[in-house]
Amino acid sequence: MLFVLFALSVLIFYLTRGLLPPTSALAPYITPRMDDSAKLSVARAVGVATNSCPSFQAFISLQNGCIVPVWEQYGAWAHNVLTGNWGYSLLPNVAPLTPTWDVFWSRFPYTAELAIAAAVLTVAFGIPLGIISATHNNKWPDHLSRIVSLGGYSVPQFWFGAVLQIIFVLYIRVNGLGLLSTSSAVATNCGICLMNPGTITTYTGAPVVDAILSLNAPYVWDSLLALVLPALTLAITSIGAITRIVRSSMMEALRQDYITLARSKGLSNRIVVYRHALRNAILPAVTVTGLLVSYLMGGVVVVEIVFSWPGVGNASLAAANVLDVNFLELYVLVTAVIIVVTNLIVDIAYGVLDPRIRY
Amino acid sequence: MSQGGDGSTVAHGRRADLRYALHLMRGNKLVLIGLVISVGTLLLTALSHLLVNPALANQEPLALRLCWNNPVINWGITNVKTCPTSYPLGTDAFGRDLLQMIILAVPVDLQIAFEVVASAILIGVVFGGLAGYAGGLVDEAILRITDIFLAIPAILLAIVLIVVLGRSLPTLTYAIIITWWPYYVRLMRSQVLSEKQKPYVERLHAMGAGGPRILYIHIVRNAVYPILIQATLDIGSVILTVSALTFIGLTPSPLLPELGNLASQGIANIFTAPWLIIFPGVTILLISLGFNLLGDGIRDIFDPRLRR
């Protein structure tokens, strides 16, 4: 587990520092007013230029012996990173010399909220659809859930999100019903602009959680409404995947001998399905939880852009456009930590759920 | 390899198997739909440059106008602009015929999808086979390397790779290959692990066949079907990934006719010109649905547990 994170940090460091010109690592620290000697001393302080480098021009033209080798840079970087220093951010709309760490964590709660909401939707729709599909094999609930699952993993997420926006704004006219904010009513200085924002205290940075903690009911409603469409868009593919996994493992489980035995004992259908079959059928769905989390963390990039969601996925594209290597490194490694920890939890949960498995 | 008398029986059995599979296929409407869509997409790919002159994509002058002259659908927008020339799907943000651009875009996406899947299969067969057959340290090393790539969302790694390597169609392809191969390595490895136990491998050993020959000729031939089914399913997924990447702006040129690229013009004009995002998106949905239906159906047909 630690090996994966270490190897990934080497990989991402090599990509962003070894393959990109060394000046891109320097960009957040220099201002246009600096003269060349000041820039050179910044480059030395950042750890990309050697002390023997004669001038900034020599550094820019990648003169021999001017650039610190990447593996030496990695050592210094790893030390900084482990002490919490991820450098400054280069993102637009962020004040110069803002630590990347602060920028990332101010945006991260939005992404976490979106991903968790999508995970909740995935479980809430995917598992019941899969069960109904298996118990009503080849009847209309089965056909419906097969359409949902096939459509779910065939639909481009950006298109699904855009179509939801078009339907709800152009045709159902939710803004006319007062459900979503209209352009004249939005406040200018807010993450997600709501119609009647009110005030909330920032506890976590995630709007729904903060609104609940501040006991501001209108804000809870608004922030939940703002969450529904992006979360559904993010969840649609994983709903399809989970439905199909639960369906096939449930059908497999319902064919087993112990189900026939349970039925012949005279147990009710509900107990047979939900107590005997589901407990065994749910295991394959638990196995893919790690993949699901990985999928959600990747999907947020597209969904946040379609819905202008102020999270880290949206910022990562801006970071890619301005070559903000610090932000990209932090984003990749935080995501990797989340996925690796999820996989660990899944492995442990698997041992608990399935007594046959012992580590 | 000649097997004497039983060779013809095996061949006969295979032919009967195939005939039975085709029989099952005829009864399965969804597979037929998938087959029609997939073959249609391939035909469109082959014919696209005959149907539409590819030079139209970069034709000057690029008029910045959004035309829609279909009186039946008016999108509920009052200020939709109509143009004298007839465009069946309207024009895109550069004033080009959207239908022509979609026809030009399908081959671009499909080519990337085939390149990615073919490379992933190749890497998967070579390294997954090696890991499963050799076992021990080699297996461990290859598995740990796939772990690294599976610990990061594919789209995120692809973004970083495209930013680092530069924006062009080849780098887009390479970036997706780099994120895609670990799944095939794992799939091939598990296939080889189960094939390795079978008696025919032992017989080959006894006949004095070398490791590479056993692995890459005999085992691969028996283990490759699940991989081909996965590949059919993945054509759709790769197209979804490519179009998502170009949609968020990692595109070599805004003028490139590529489905995600065409759709990305639409997000800025989403309420003034909904057709810009709807039609390219529907095209992606259809292609991906077609290959998914085909792959699903083939898997059902070849899965012996579901046969009888």
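1. Two residues are in contact here if their C-beta atoms, placed from the backbone, lie within 7 Å. With that in hand, the meeting of the two chains is easy to put in numbers: 43 residues of chain A are in contact with 38 residues of chain B. On the side of chain A that touches chain B, the elements giving two or more residues are α1 (2-19), α7 (140-154), α8 (157-171), α13 (289-306), α14 (312-322) and α15 (325-353) of chain A. The top contributor to that side is α8(A), with ten residues.

2. Before going on, a word on what you're looking at: this is a predicted model, where local features need pLDDT of at least 70, side-chain atom pairs count only at pLDDT 80 or more, and totals for chains, interfaces and linings use all residues. Residues are numbered from 1 along each chain as its sequence is written, while chains are lettered from A and ligands numbered from 1 in the order in which they are written.

3. What sort of residues make up the side of chain A that touches chain B? They divide into 35 nonpolar, eight polar and no charged. (Ala, Val, Leu, Ile, Met, Phe, Trp, Tyr, Cys and Pro count as nonpolar, Asp, Glu, Lys and Arg as charged, and the others, Gly among them, as polar.) For the complex, the predictor gives an ipTM of 0.86 and a pTM of 0.88.

4. Now chain B by itself. You'll find ten helices and zero strands there; both are DSSP runs numbered from the N terminus, helices being H or I with at least four residues and strands E with at least two. The C-alpha trace of chain B spans about 80 × 45 × 30 Å along its principal axes. Of its 308 residues, 44% count as buried, that is, with 20 or more other C-beta atoms within 10 Å of their own (12 or fewer is exposed, in between is partly exposed, and C-beta atoms are placed from the backbone). Take the contacts in chain B between residues at least 6 apart in sequence: 72% of them join residues at least 24 apart.

5. How far to trust chain B? Its mean pLDDT (the predictor's confidence in each residue, from 0 to 100) is 83, and 91% of its residues reach 70 or more. Confidence is highest in helix α3 (residues 98-134) of chain B, at a mean of 91, and lowest in helix α1 (residues 5-27) of chain B, at 67. Over residues 1-7 of chain B the pLDDT is below 50, and this stretch has two contacts in the model beyond near neighbours in sequence.

6. One helix pair in chain B is worth a look: α6 (residues 169-196) and α8 (residues 211-247) pack at about 155°, with their axes 10 Å apart. That makes α6(B) and α8(B) roughly antiparallel, a label for angles over 145 degrees (under 35 is roughly parallel, 65 to 115 roughly perpendicular, the rest oblique). By class, their contact has 13 nonpolar, four polar and two charged residues. Among those taking part are L172(B), I176(B) and Y184(B) in α6(B), and I219(B), N222(B) and A223(B) in α8(B).

7. Finally, two backbone oddities in chain A. S308(A) isn't a glycine, yet has a positive phi of about 45°; this residue sits in the loop between α13 and α14 of chain A and counts as exposed, with 11 C-beta neighbours inside 10 Å. L323(A), also not a glycine, has a positive phi near 55°. You'll find L323(A) in the loop between α14 and α15 of chain A, partly exposed, with 19 other C-beta atoms within 10 Å.

Notes: Axes are lines fitted to C-alpha atoms, for helices over the stretch in contact, and angles run from 0 to 180 degrees between N-to-C directions.
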